[in-house]
Amino acid sequence: MATEKRQVRPLTTVQKIAIERMHRLNELAEENVHEHPARSKRYVELIRGLSTRLRTSIPREIKDRFCKTCGNYWIWGTNVTRRVKGKTINFNCKICNTLTRRKVDAK
């Protein structure tokens, strides 16, 4: 059986605007993570709400910056540890003790 690639639907204008907003909310969360951690957690909630409501995926560079379980914005070395094991990166959230694994690209 030949494997067929799934056809990817092009993004609508509203989805493109949502992705731009996700990037802006990510910047705001990064700016406020030290002084106002609750505010940066709220920005993460807004990012996840946008992706759910408009059926878009969160870009990888944003998705790797917060915990999927507790929603806290990560500060490397403070509330998350990153470990590279083979072809995967393991993110361990120190707040909720959740382990998240991401594959490393061949690039």
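This section describes the nonpolar cores and the salt bridges of a predicted model.

The largest nonpolar core holds 15 residues. Within this core, M22, L25, I47, I58, I62, F66 and Y73 touch the most other members. Two helices, α1 (13–32) and α2 (37–54), each supply at least two of the core residues. Helix α1 gives the most, with 5 residues. Apart from this core lies another, made up of 6 residues. Its members include C67, C70, V80 and F91.

Y73 is one of the residues that touch the most other members of the largest core. Its contacts were also listed with neighbours within four places in sequence left aside. On that basis, Y73 is in contact with N26, A29, E30 and V33, among others. The list also includes S40 and V44. R65, F66 and N79 complete the set. Of these partners, F66 is itself named among the core residues that touch the most other members.

Charged side chains were examined next. Side chains of opposite charge can pair when their charged atoms come close. A search of the whole structure finds 3 salt bridges.

One salt bridge joins E27 and R24, whose closest N and O atoms are 3.2 Å apart. Both residues belong to helix α1. They are separated by about one helical turn because they lie 3 residues apart in that helix. E27 has a relative accessibility of 40% and so counts as partly exposed. R24, at 43%, therefore also counts as partly exposed.

Another salt bridge is formed by the side chains of E45 and R42, with an N to O distance of 3.4 Å. This pair sits in helix α2. Here too the residues are 3 apart, so about one helical turn separates them. E45 is partly exposed, with 42% relative accessibility. R42 is partly exposed at 45%.

The side chains of D64 and R102 also meet in a salt bridge, at 2.5 Å from N to O. This pair links distant parts of the chain, with the two positions 38 residues apart in numbering. D64 lies in the loop between α3 (60–63) and β1 (80–85). R102 lies in strand β3, which spans residues 99–103. Both D64 and R102 are buried. By contrast, E27 and R24 of helix α1 are partly exposed, as are E45 and R42 of helix α2.

Key: Residues numbered from 1 in each chain as written. Predicted model: local features only at pLDDT ≥ 70, side-chain atom pairs only at ≥ 80, totals over all residues. Heavy atoms only, no water. Core = buried A, V, L, I, M, F, W, Y, C linked by side-chain atoms within 4.5 Å. Buried < 20%, exposed > 50% of the residue type's maximum accessible area, 1.4 Å probe, protein only. Helix = DSSP H or I, 4+ residues; strand = E, 2+ residues; numbered from the N terminus. Contact = heavy atoms within 4.5 Å. Salt bridge = Lys/Arg side-chain N within 4 Å of Asp/Glu carboxyl O.
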